[in-house]
Amino acid sequence: MQPSRSAIVIGSGFGGLALAIRLQSAGIATTIVEARDRPGGRAYVWKQDGYTFDAGPTVITDPACLEELWALSGSRMADDVTLLPVHPFYRLLWNDGTVFDYSNDDQELNAEIAKLDPADVAGYARFLEYSKGVYEEGYLKLGAVPFLDFTSMLKAAPALARHQAWRSVYSMVSSFVQNDKLRQALSFHSLLVGGNPMKISSIYALIHRLEKLGGVWFAKGGTNALVNGMIALFERLGGKLLLGEKVTRISHEGQRVTGVVTATGKVLHADMVASNGDLVHSYGLIEGSGYAAGKVRSLRRKRFSPSLFVVHFGLKGTYPGVAHHSILFSDRYGPLLDDIYKKGRLAEDPSLYLHHPSATDPDMAPEGKSTFYALAPVPHMGTAPVDWAQEGERYRKVVLDRVRDLLIPDLYEQLDTCFHYTPQDFSDDLGAHLGSAFSLEPVLTQSAWFRGHNRDDHFPNLYFVGAGTHPGAGIPGVVGSAKATASLIV
């Protein structure tokens, strides 16, 4: 029998967990090394005053890509995780009082569109056909393909060209529908994976098809319950999880990596190493390598996605009129995006994503109370060098005021507990370059082969997984990147 191979996975975000499960399922002895006290990466969790606060991500689409991880070993995801449907998918609100519920119920959605502009119902149907096409080409065919050379990019180019991938999501949406609010409603999704709707490739319109086919879900107990379910599966398969072990060095000899060293002095060896960490940070761990130093310099010249400012809060009382997922739009859709992506301005009128998990799962809050978080996309620290220790308290009020004004008038009277998470925290806790919440900005010139490669070009036993690799951020994206990386190893 061939001796068992061994692997170390740095980081336990969704990408790292999915890769570790795939490797362990294939008989590769895998150890996950996690710096924090809990697994999850960006899907961390806080328990405070009886509330459960998910760090995010909180929108679960394409549950089939997750179920596949359990099926590798003949088990069922339902044995470890309960997914609850969310309806509507999102409730969109504007300052003038307009409310739009977005779901995959054709009759309900067409009625919502008709309220904005009856003429756009037919245009939306044509947009869905376009979304179906880019879903089949960009997600089904290419979503789990490792782009290791430029030739593979050229092979994909004709299909991308047929779907006008050089155009932005917003531009493509605008070619189908005329109402400005509907254009916002059909393009904002790319912000949830770090992309500017005005710049990100129209391929990302595939998200609509993804949601229509698979729905939008929430894990009972919170997103971190899904993380815990994945850990349970991994450990049943024989995998090993090390918590509180921050990797300080990736060791190497010649052109092969040999393992990792942690801050506590632990030295671990393996046949291969895979990083679910930030790309810049990960290459910075390879000391004494001119190649790695050059990669760090090259990566720093790339464009990175914005960061996030997140306010977690618990309220006394329940709010059945507030949807599970709400989007609160600023009046300045395009100009606000310019502030975030180009000008580095901290907006006083931010658009917000409001998460209200206790609407679906009351156990996320103490009895008779409600759990929320309000998330504002903000510039990363490279374009807006804000002192968040000073600015955090003030900006928290800006965010909460928006929620109060549009949705919950008595918010401050009912406020029970509250804390916030800043771009500086993304940098400190997750090693995120410039505090970016989504790694490389998903523009066309930083996609597929132009993105982080799933296998390193110099160290053949060094692998990468997660938001900085193809296909990008979001749960389906990083789970797809794990499938691509595992295909190179297994």
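Here are some short exercises on this structure, each with a worked solution.

Before you start, note that this is a predicted model, where local features need pLDDT of at least 70, side-chain atom pairs count only at pLDDT 80 or more, and totals for chains, interfaces and linings use all residues. Residues are numbered from 1 along each chain as its sequence is written, and side-chain values use heavy atoms, with hydrogens and water left out.

**Exercise 1. The whole chain**

Work out how many helices and strands the protein chain has, and what its radius of gyration says about compactness.

Step 1: Count the elements. There are 16 helices and 20 strands; helices (H or I, at least four residues) and strands (E, at least two) are DSSP runs, numbered from the N terminus.

Step 2: Turn to the radius of gyration, which is 22 Å, close to the 23 Å from the globule rule for 490 residues, so the chain is as compact as a globular protein of that length. The radius is taken over C-alpha atoms, and the rule is 2.2 Å times the number of residues to the power 0.38.

Step 3: Picture the box. Along the principal axes, the C-alpha atoms fill roughly 65 × 55 × 45 Å.

Step 4: Look at burial and contacts. Of the 490 residues, 60% count as buried (under 20% relative accessible area; exposed is over 50%, partly exposed in between, with a 1.4 Å probe and protein chains only). Take the contacts (heavy atoms within 4.5 Å) between residues at least 6 apart in sequence: 72% of them join residues at least 24 apart.

**Exercise 2. Helix α13**

Find out how far α13 reaches, where it kinks, and what E391 is doing there.

Step 1: Take the span. Helix α13 covers residues 388-406, 19 residues in all, and goes 26 Å from its first C-alpha to its last, close to the expected 27 Å. That expected span is 1.5 Å times one less than the number of residues.

Step 2: Follow the axis. A kink of about 30° is centred on R394; the bend at a residue is the angle between axes fitted to the seven residues ending there and the seven starting there.

Step 3: Check the start of the helix. A side-chain oxygen of D387 comes to within 3.2 Å of the backbone nitrogen of A389.

Step 4: Zoom in on E391. With a relative accessible area of 18%, E391 is buried. Its side chain shares a polar contact of 2.4 Å with that of R394 (a pair of N or O atoms within 3.5 Å; within protein, one must be able to donate a hydrogen and the other to accept it, and residues adjacent in sequence count only if both atoms are side-chain atoms). Not counting residues up to four places away in sequence, E391 also touches L346 and V386.

**Exercise 3. Inside the fold**

Name the residues that touch the most other members of the largest nonpolar core, then list the contacts of A18.

Step 1: Pin down the term. A nonpolar core is a set of buried Ala, Val, Leu, Ile, Met, Phe, Trp, Tyr and Cys residues joined through side-chain atoms within 4.5 Å.

Step 2: Name the residues. The largest core has 128 residues, and L92, F100, L226, M230, F313, Y395 and V403 touch the most other members. Apart from it lies another core, of 24 residues, including V273 and F464.

Step 3: Go to A18, in helix α1 (residues 14-25). A18 is buried, at 0% relative accessible area. Leaving aside neighbours within four places in sequence, A18 is in contact with L69, M230, V479 and A482.

**Exercise 4. Backbone oddities**

Locate the cis peptide bond between G56 and P57, the one between H87 and P88, and the positive phi values of D49 and L434.

Step 1: Recall the background. Most residues other than glycine have a negative phi, and most peptide bonds are trans.

Step 2: Find the cis bonds. G56 and P57 are joined with omega about -5°, and P57 sits in the loop between β4 (51-54) and β5 (60-61). H87 and P88 are joined with omega about -10°, and P88 is in the loop between β6 and β7 (90-93).

Step 3: Find the positive phi values. D49 has a phi of about 55° and is exposed at 53%. L434 has a phi of about 60° and is partly exposed at 27%.
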